[in-house]
Amino acid sequence: MDRLTENLQKFFNFEDFLDNQRPVIEKIISGNDICIVMPTGAGKSLCYQLPALMIEGYTLVVSPLIALMYDQVNSLRRRKIAAAFINSTVSFHEQLQITEAAGRGEVKLLYVAPERLQSDFFNNFMQKNPPAMLVVDEAHCISEWGHDFRPSYRKIGEVAARTGIRQICAFTATATPEVCHDIRKQLHRDRMELLVAGFRRPNLSFKVVECEGSKEAKLTVLKRILSEKKQPTLIYAATRQAVDEISRLPGVTGYHAGMDTAERNAAQEYFMHDPAPVLAATNAFGMGIDRPDVRRVIHYQLSGSLEAYYQEAGRAGRDAESAECILLFSYSDRYIHKFLIEMNNPPPEIIRAVYRELYFRTQEDPHSGGLEVTPSMLKDDIPGAKNDSQISAALGILEKLGFIRRSARQSGLGRLRFTGDPADLHLIHQEERNQRSRFIHRVTGYFGKKAGEFQTAGVEELAGIAGLNTEQVKRVIAALNGDCLEWVAGFSGRTIELTDPALPMPELNDAELSLHLDYELARLDEMVNYARSSRCRQVELIEYFGEKSEDWQCGCCDRCAGSTEIPRLPGIKAEDIRIALRSADILSGRIGIGKLALILSGSRNASIVAGNWHRNGCFGTLRHLKNTTVEKLLRQLADSGYLEKISRGGYPCIRLSDSGRRKLLSDDF
């Protein structure tokens with residue numbers, strides 16, 4: 001057993017690596033700077049976690065989301081691996097203990113948010129105890145050309161140079177070659193090696209359905225697709241309005257950011273636990289969704305880019321079984337995204353007007369410590385502003401360029417008083433017949449006689465007093481405000497400071513702003529080109545991300561399937577067919593075509609290793625053939641009637657048919 005496999009078993013209890021993991025780990029162990037682009041589910045985390053445990057010192061992991069950080073550290077700790085995180089939920093005393101432990105070598109993996117690298121305390125710690133390796137997770141956030149740019153990521157390269165970090169490894173699931181080039185540039189590691197792998201998904205059947213521009217025509221097509229079979233389905237739409245329209249169809253549940261927390265939680269629970277859910281959602285749905293048996297992802301409208309489309313469509317078939325990715329294409333959808341892109345890239349005069357308004361407000365109250373203003377509060381004072389989203393985008397650009405600082409999102413305390421006699425109100429509503437009555441009875445009881453005077457309280461505190469959730473409390477207060485109570489809401493949002501309060505107007509590069517708008521529109525056109533392409537759908541996608549397709553084709557998209565009814569399979573021998581039939585007989589009715597193809601070709605796909613299929617006697621018996629070739633062979637055998645499809649617990653599986661058994665027993669191959 002080699003050293004890498006030995007440590008893999010020792011620390012993670014895995015017998016072998018997944019596809020593409022070993023070459024990445026070998027490069028990291030050798031000390032190389034590397035930028036890795038691998039899709040979600042390919043095992044990226046282990047690619048840096050294992051090397052971190054095999055080298056001296058600690059590894060610093062920059063991660064953007066507290067929830068993901070928390071999950072990673074908990075998972076490592078369950079394996080008895082010394083890991084910790086530092087973020088806004090950790091007290092200063094705990095931060096001190098964690099950094100001291102890392103300095104002593106008692107923490108091997110330390111996760112932090114990118115903003116943490118800017119604090120004096122953490123900078124002093126890194127100066128004295130530089131990490132052996134810096135890992136940048138979700139590295140596309142570094143690039144202004146990435147789909148989720150974050151200003152705090154931009155300064156990571158400066159910190160690495162200042163603290164003398166020897167090795168940097170950047171990981172992302174969706175980055176084009178252009179974004180990867182920018183990642184290396186911003187990290188000041190121009191020689192950083194690029195590795196792109198794992199984007200081929202032969203179990204996914206990509207299809208584009210041309211639709212007329214009308215809403216009715218699209219809904220008709222969607223209803224027809226949904227009526228074909230009841231199975232786990234995710235429908236993505238570009239706007240909340242479209243989600244609401246789709247969710248009016250029978251059996252469809254909706255999810256978007258405009259719904260209250262309870263509704264969103266209920267929709268997510270439904271999607272995760274119903275045997276065959278159908279959920280319509282905006283791109284607000286998806287992070288942390290790991291249901292493996294999604295059989296169908298439908299895009300009701302175009303995505304804004306191929307990065308977003310691949311990430312969303314790739315949530316189908318993570319169990320390695322066959323799944324469909326269907327795009328309902330209408331060119332008129334382009335105008336929806338064009339409008340959204342233009343709102344997210346406001347003209348320079350709007351950006352300057354927003355800054356000028358912030359400057360004037362700062363001059364009026366120079367010692368406020370931060371302006372408590374939201375985009376909606378600024379909009380009416382900005383000539384030509386179209387909506388709140390445009391103001392929000394302008395603030396984001398000013399922050400990215402370093403002209404303003406914004407705090408973390410906060411929800412301030414409000415002020416509440418009852419206008420009627422509190423004792424009378426308490427008595428009248430003692431039966432608590434509805435939510436409003438319960439709120440009045442319990443809150444007047446809590447504050448007593450003081451309920452007639454303004455009391456400072458937050459929505460969460462009032463929810464606890466009334467025994468309601470926060471969304472219910474908001475609705476109750478809105479209904480009762482001006483009737484039996486007065487409510488003055490506290491500031492809810494992000495405070496804003498000018499980095500140079502004496503600067504009356506920022507210097508903007510209008511040409512660069514225009515270039516960014518053009519780039520976003522070009523990405524949208526790449527999405528349109530994909531929909532209209534005559535090439536293999538997956539070849540279009542994997543080449544977009546920089547992975548070489550060579551002579552590979554998926555064989556199952558609408559373009560490949562349309563070229564020939566049953567693809568010819570050169571190089572297939574009689575013994576290969578016999579092995580395929582015998583294996584289908586041995587594993588009869590337990591798995592589907594996609595997973596059987598992975599087993600026979602000897603793939604180390606996550607679903608194969610997790611299910612211990614790599615220990616089965618059929619594993620790797622056709623490893624001399626490509627996985628796609630094996631899957632094509634199995635589909636050809638199914639089309640010929642030698643394999644039959646069955647349903648087992650709602651999952652599509654295959655088994656040897658009677659004619660397949662006769663074929664296997666004969667010498668006629």
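**Notes on a buried serine, two cores and a helix pair**

1. A good place to start is S63, which counts as buried because its relative accessibility is 2% (buried means under 20% relative accessible area, with a 1.4 Å probe and protein chains only). Please keep in mind that this is a predicted model, where local features need pLDDT of at least 70, side-chain atom pairs count only at pLDDT 80 or more, and totals for chains, interfaces and linings use all residues. Residues are numbered from 1 along each chain as its sequence is written, and side-chain values use heavy atoms, leaving out hydrogens and water.

2. You will find S63 in the loop between β2 (59-62) and α4 (66-78). Beyond its neighbours within four places in sequence, S63 is in contact (heavy atoms within 4.5 Å) with L68, M69, Y111, V112, A113, P114, D137 and Y153.

3. The largest nonpolar core has 113 residues, and L109, L110 and V136 have the most contacts inside it. Such a core is a set of buried Ala, Val, Leu, Ile, Met, Phe, Trp, Tyr and Cys residues joined through side-chain atoms within 4.5 Å. Its largest share, 7 residues, comes from helix α3 (residues 44-54). A second, separate core has 29 residues, including A320 and F619.

4. Now for a helix pair: the axes of α18 (residues 435-447) and α20 (residues 470-480) come within 10 Å and cross at roughly 85°, so the two are roughly perpendicular (65 to 115 degrees). Here Q435, R436, F439 and I440 of α18 meet Q472, V473, V476, I477, A479 and L480 of α20.

Technical notes
Buried < 20%, exposed > 50% of the residue type's maximum accessible area, 1.4 Å probe, protein only. Helix = DSSP H or I, 4+ residues; strand = E, 2+ residues; numbered from the N terminus. Axes fitted to C-alpha atoms, helices over the stretch in contact; angles between N-to-C directions. Parallel < 35°, antiparallel > 145°, perpendicular 65-115°, else oblique.
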